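Please open the model in your viewer and keep the selection tool ready. We will go from stop to stop, picking out a few residues each time.

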Amino acid sequence: MVTFLAGGTGTPKLLDGATRVWDPAEVSVVANTGDDIELGGHLVCPDIDTVLFAGGGVLDRETWWGIDGDTTATHEELRRLAEEVGLETGPRYLDDDAQTAGRGIARWRRFSGVGEFMEIGDRDRAVHLTRTGLLDEGHTLTEAIRTLADAFDLDVGLLPMSDDPVATLIHTEGGETLHFQEYWVARRGEPAVADVEFRGAADAEATDAVLAALADPVVIGPSNPVTSLGPMLALPGFERALRETPVVAVSPFVGDEVFSGPAADLMEGVGRDPSTAGVAESYPFADGFVLDDADPTELDCHVERTDTRIDDADDAERVARACERALASVAGAGDSVDPAPREGAE
């Protein structure tokens with residue numbers, strides 16, 4: 001058994017090869033939900049759905065978002081209606097009272113559907129409607145995702161990190177507080193980051209299913225350490241669980257060059273060095289790392305090196321096999337010696 005922690009596109013890309021290395025039935029994926037938003041009353045779970053659609057064979061692999069070949073008639077009509085009467089089509093974040101009203105899972109991340117600032121495909125929207133309907137019928141998010149995974153015939157076990165609301169909010173140097181989707185989708189990551197908040201995390205819980213998955217060896221793919229992994233690590237007990245199991249992480253950097261996305265700006269914004277060294281500092285519980293052949297970083301732990309760029313399934317398999325070797329090495333070291341207690345694992 002092996003568990004992957006997923007957010008953004010890095011880990012989903014790695015999963016293309018991981019299921020060649022490990023039996024998919026033995027793979028669990030714990031997905032970030034800090035990026036989720038309620039848009040026009042429907043719960044959108046980007047990081048969950050990327051894994052869902054990729055595993056179901058329908059992901060748009062040009063964008064790594066949404067369903068391949070999907071139409072956008074409803075989205076386009078929402079934009080047209082707003083523009084016709086002069087309504088703003090940018091993000092329309094609901095007021096403070098609305099943010100804590102209604103279904104609890106959507107707290108602090110509610111946006112009006114007027115103008116729909118995120119492009120949602122028509123088939124994609126059916127997934128959001130089904131998920132939201134299941135929640136309204138009394139199911140947990142975990143149960144709703146299990147139902148959708150069955151509908152897409154997913155081979156791996158897909159788990160949301162929590163059934164409780166956690167919202168990733170970006171505090172900018174200009175004094176604004178933006179939900180991550182507004183920062184990244186609407187503002188294209190342009191505002192300078194002063195800090196990142198995971199609102200609700202202190203009162204949220206990892207589910208029993210997640211904690212059981214974390215008892216297996218864990219791989220952290222080349223995802224953003226701040227907004228993809230940060231919400232998980234902010235959950236009480238999550239990092240403690242990682243300290244008590246073998247963990248291998250793939251750096252999303254080559255030295256101080258990031259492969260893609262806003263990881264560098266976000267790490268700098270929270271006081272981390274935007275580099276592989278900063279990733280290692282963010283993951284003090286990691287027993288080993290997979291680094292690119294060209295990465296000059298020296299780490300005080302086990303390191304496997306390979307070409308870590310992932311452009312297709314063969315690339316993903318190469319990186320996954322490096323993860324397999326790293327896990328075997330760190331687990332073997334744990335079996336052969338009596339290790340000193342890890343900080344925070346008491």
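Start by selecting Leu-39 and Phe-111: Phe-111, in E5, is the bridge partner of Leu-39. You are looking at a predicted model, in which local features need pLDDT of at least 70, side-chain atom pairs count only at pLDDT 80 or more, and totals for chains, interfaces and linings use all residues. Residues are numbered from 1 along each chain as its sequence is written, and side-chain values use heavy atoms, with hydrogens and water left out.

Now widen the selection to strand E3 (residues 37-39) and E5, which pair in the parallel sense over 2 bridges. Helices (H or I, at least four residues) and strands (E, at least two) are DSSP runs, numbered from the N terminus, and two strands pair if DSSP finds at least two bridges between them. Add E4 and you have an open sheet of 3 strands, in the order E4-E3-E5 and with mixed pairing. Strand E4 (42-44) and strand E5 (110-111) are its edges, each pairing on one side only.

Next, select Gly-8, in the loop between strand E1 (2-6) and helix H1 (10-21). Gly-8 is partly exposed, at 24% relative accessibility; buried means under 20% relative accessible area, exposed over 50%, and partly exposed in between (1.4 Å probe, protein chains only). Apart from neighbours within four places in sequence, Gly-8 is in contact (heavy atoms within 4.5 Å) with Asp-47, Thr-50 and Ser-228. For a distance check, pick the C-alpha atoms of Gly-8 and Leu-148: they are separated by 19 Å, with these positions 140 residues apart along the chain.

Move on to Gly-10, which is found in helix H1. Is Gly-10 buried or exposed? With a relative accessible area of 11%, Gly-10 is buried. Leaving aside neighbours within four places in sequence, Gly-10 is in contact with Pro-222 and Ser-223.

Keep Gly-8 selected and add Thr-9, Thr-63, Trp-184 and Gly-261: of the 36 residues lining the largest pocket, these lie nearest its centre. H1, H2 and helix H7 (180-186) are the elements that give two or more residues to this lining, and H7 has the largest share, with 4 residues. The volume of the largest pocket is about 1,000 Å³. On a 1 Å grid over the protein atoms alone, a cavity is a set of points where a 1.4 Å probe fits but cannot get out, while a pocket is an open set with protein on both sides within 12 Å along at least five of seven lines; lining residues have an atom within 4 Å of a point. Grid points are joined across faces, edges and corners, and a volume is the space filled by probe spheres set on the points.

For the enclosed space, select Val-44, Pro-46, Asp-49, Thr-50, Phe-53, Trp-65, Gly-66, Asp-124 and His-128, which line the largest cavity. A search of the whole structure finds 1 cavity of 30 Å³ or more, and the largest has a volume of about 50 Å³. Helix H2 (46-55) and helix H5 (122-136) each supply at least two lining residues, with H2 giving the most, 4 residues.

Finish with the cysteines. The whole structure has 0 disulfides, a disulfide being a pair of cysteine sulfur atoms within 2.5 Å. Select Cys-301 and Cys-323: the closest cysteine sulfur to that of Cys-301 is in Cys-323, 13 Å away and therefore too far for a bond.
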